[in-house]
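Visitor: I should like to study one small part of this protein closely and then see how it fits into the whole. Please guide me through it step by step.

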Amino acid sequence: MLQSYLTIALRNLRRNKMYSFINIVGLAVGISVAALITLYVADELSFDRFHANADRIYRVDGDIKFQGQSFVLAVSPPPMGQTLKMEFPEVEDYTRFRALGAWNFQYENKVFREERVAFADPSFFTVFTAPVVLGNAVAALSAPETVVLSEHIVHKYFGSENPIGKRLKGDNNKFYTVGAVMKQLPVNSHIRFDVLISMTSYADSKSTEWGNNNYQTYVLLKQGANPDVVDAKFPSIVKKYFAPILERDLHINYEKFLAEGNYAKHSLFPMARIHLYSGNELGEISPNGSIQYVWIFSCVASFVLLIACVNFMNLATARATNRAKEVGIRKTLGSQRSQLVAQFLAESSLMVLCALVLAACLMEIALPAFNQLSGKEIERTALHTPQFVGVLAILFVAVGVLAGAYPAFVLSSFQPVKVLKGDKSSGSRNSALRSTLVVGQFAASIMLVIGTLVIFNQLRFIQSKNLGFNREQVVVVQDPSGIPDGSSQRFKQEVLRLSGVKSAAVSSYLPTGGWRNNSILWVGKDSPSASVQQWVVDADYIPTLGMEVGKGRNFSANNLADSTTAIVNESAARKFFGNEDPLGKQVQTGMSDSTRRIFTVIGVVKDFHYESLRETIQPLVMFFGKTVGATSIRFNASETSSVLASIESTWKRLSPNKPFEYEFMDDAFRETYRTEQRTGTILGVFTSLAIMIACLGLFGLAAFAAGQRTKEIGIRKVLGASVVSLIALLSKDFLKLVAIALVVATPLAWYGMNRWLQDFAYRIELSTWFFVLAGAAAVVIAFLTVAGQAWRAARANPVKALRSE
């Protein structure tokens, strides 16, 4: 019996080549897209879950509101971890990081720049799962001036040599001994340090100061411990240790601090949720993902697969009329309904199996391109894991059985007497179902088109918005610490002599996003004002980056008195001085008498965006001084290659052992919106595929409809109907369905994209033209798809259609 089912199924596939091709290709593309997105979603959801104690590891976060400003922190004070372990019985252990970002290490005559470096407690290897391949990592991080390196770094520095005992010179001119080697942490981890330096090497790590939040602190709770219980105890810790700091340094009573609407809170954040749910905290170790984009991609996968399944069901039910007599004859000859159902399910399952085989080939081919689009490192072995094969098996059952079930039960329910007499009353019911399914798939396609348009226009808005500074034709060279005298200014002066260089500046920070320390600033002698950004810049910083001084003047390199002056942005001027003229006013840094410094405001720089456009512009203060930071070099665009070559030559002359590394400021700016750019690109690609699949189905339905109305078209032509009128006749029903789909899709798309835009403080408006353009595109594409078949039917010779009458 099974052999008979397969034989008949293969015969029908060969007999209906066009329908078979449309179903198999559409389904294969839909399955491959859904499967690739499933791999993406699975990778995002798997972050940090490889740790043996992942469900018991929590990060200590902070939430501070002071003088009207709120800060959510992924960092905490130096003594936080030790205090929790000593005073909270629920805490089994803790570990801390002090992330350094990029650091330079010298081995023999070579200097290497590493991007993922941190001071770490020895408990790193007991709290986290980080396999050690050589040496004793816990002992290494317990001793001063020792480091633990990843295998990748060891191979880069030492080749095949044994690294244990080797000494590296760090940025601070200290030597660090290699004590152990660890495996590279997986890519699905928000903690991916290549170099861990013993925390005992960092003097501040022993501080008992509760006023500074600079350490990422993680705690390991005991088995069965309730994190909510720990959270409930944090207020007592804050009152015990933070309140005295307020009274000592800010002269504020803790009760008064709270009464004025301020607060300082701490809580536990589950490590397994950090990657997707912790996107806005200051002090994040690395850029995180977003659960919002996981939902977006999950919806895209569902839409594409749904559209492919709708095509399958539509074409199967559309062909039901053509197979009605076959069903009637089979029932007359004694076939049971269950046998007919099995037959039709076998046909649909065979078609799905063919689509799965084609989808598997497409996934193998498309995976490298998908990795490049998504920024993932998904290996081909992921396509062969039992879990992924299980997902494909579920798809096979779901699509093959569920998508084939309705056509199977509809066809097998035909009454043989009525069918053999030519009664096709079920056709209207099938037509209603097909119409509903077409509306559903085009509504999904239109929502994807609207989403793509909104994302791309928001990105274009970001790229074209006046940021208040000019990021074009600026190359940035980070910290020239490899230069013998360690002088950033020396490198700057050498660069200024080069042909094609317009100007250069040295600063502690750049206006291209990223986390920076905020510090307390006072207005007047003792009145606390706010926690603000404080940058150290030279006199050429503002003109080099094309910023504009709206009031007062810029710093002067020839005026020694400017070392006690400050320039504030417009947001700071409004916050600190209201409507008063800020020029000549004084601001103060430092909490204690020994660290207190007073500066006079000499200028107001117009507001510029130094953070992502997701954030509003916050108060900023610039101080004049020398710093070992980034050198920003503005150059002539027509001489890019020669200028870069000259800068590199200057670098190698001043620092022959250190590799020359640079980046363009506009590239660094675009990196801030990397997630949105990738999302827009992926959405654009998959939207195109979804529309292609929908059009394949519409093409098949149009061909079927034209075939069903062959005699009607022939009679109309004989009676004088024009080709244009016949095309309109055959197209209008489908275009009505697309119009209904637009009505359904518009409010859903508006709601979803409006929610997405709320993440940006500066955003586009959801204009009507997004929806009009998406609807017009859907109508045009649908018309062109249907019109092709309609034109062929209208051009056919009516004699051939009517010769059997």
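Visitor: In which strand does threonine 146 lie?

Guide: Threonine 146 lies in strand β6; strands (DSSP runs of E, at least two residues) and helices (DSSP runs of H or I, at least four residues) are numbered from the N terminus. The model is predicted, so local features need pLDDT of at least 70 and side-chain atom pairs count only at pLDDT 80 or more, while totals for chains, interfaces and linings use all residues. Residues are numbered from 1 along each chain as its sequence is written, and side-chain values use heavy atoms, with hydrogens and water left out.

Let us begin with threonine 146 itself. Its relative accessible area is 11%, so threonine 146 is buried; the word means under 20% relative accessible area, whereas exposed means over 50% and partly exposed lies in between, with a 1.4 Å probe and protein chains only. Apart from neighbours within four places in sequence, its contacts (heavy atoms within 4.5 Å) include Ala140, Leu141, Tyr176, Thr177, Leu196 and Ile197. Ser198 and Ser201 are also among the residues that threonine 146 touches.

Just before this strand comes glutamate 145, in the loop between α5 (137–142) and β6 (146–150). Glutamate 145 has a positive phi of about 55 degrees, although it is not a glycine. Most residues other than glycine have a negative phi. Glutamate 145 counts as partly exposed because its relative accessibility is 26%.

Ser198, one of the contacts of threonine 146, leads to another pairing of strands. Serine 198 in β9 is the bridge partner of alanine 120. Strands β4 and β9 pair in the parallel sense over four bridges; two strands count as paired if DSSP finds at least two bridges between them. Strand β4 (residues 110–120) is largely enclosed by the rest of the structure, because eight of its eleven residues are buried.

β4 has a further partner. It pairs with β3 in the antiparallel sense over nine bridges. The two strands form a hairpin with two residues between them, and glutamate 108 in this turn has a positive phi of about 55 degrees. Within the pairing, arginine 98 stands opposite phenylalanine 119 in β4. The charged end of arginine 98 also sits over the ring of tyrosine 215, 5.9 Å from its centre; for this, NZ of Lys or CZ of Arg must be within 6 Å of the ring centre and within 35 degrees of the ring normal.

Aromatic rings come next. Rings of Phe, Tyr and Trp (its six-membered ring) pair if their centres lie within 6.5 Å, and planes under 30 degrees apart count as stacked, over 60 as edge-to-face and the rest as tilted. By this rule there are 37 aromatic pairs. One of them joins phenylalanine 97 and phenylalanine 128, stacked at 5.9 Å centre to centre with 20 degrees between the planes. This pair links distant parts of the chain, 31 residues apart: phenylalanine 97 is in strand β3 (residues 91–107), and phenylalanine 128 is in the loop between α4 (124–127) and β5 (132–135). Phenylalanine 97 counts as buried because its relative accessibility is 0%, and phenylalanine 128 counts as buried because its value is 4%. Both belong to one aromatic cluster with Phe124, Phe125, Phe193 and Tyr218.

Phe124 is also touched by leucine 185, found in the loop between β8 (175–182) and β9 (195–198). Leucine 185 is buried, with a relative accessible area of 5%. Leaving aside neighbours within four places in sequence, its contacts also include Phe50, Thr129 and Ala130. Leucine 185 and phenylalanine 50 are 135 residues apart in sequence, yet 9.8 Å apart in space, C-alpha to C-alpha.

Finally, we turn to the whole. The protein has 25 helices and 22 strands, and 51% of its 805 residues count as buried. A nonpolar core is a set of buried Ala, Val, Leu, Ile, Met, Phe, Trp, Tyr and Cys residues joined through side-chain atoms within 4.5 Å. The largest has 116 residues, and those with the most contacts inside it are Val454, Tyr541, Met547, Phe608 and Met622. A second, separate core of 25 residues includes Phe97, Val148, Leu220 and Met271.
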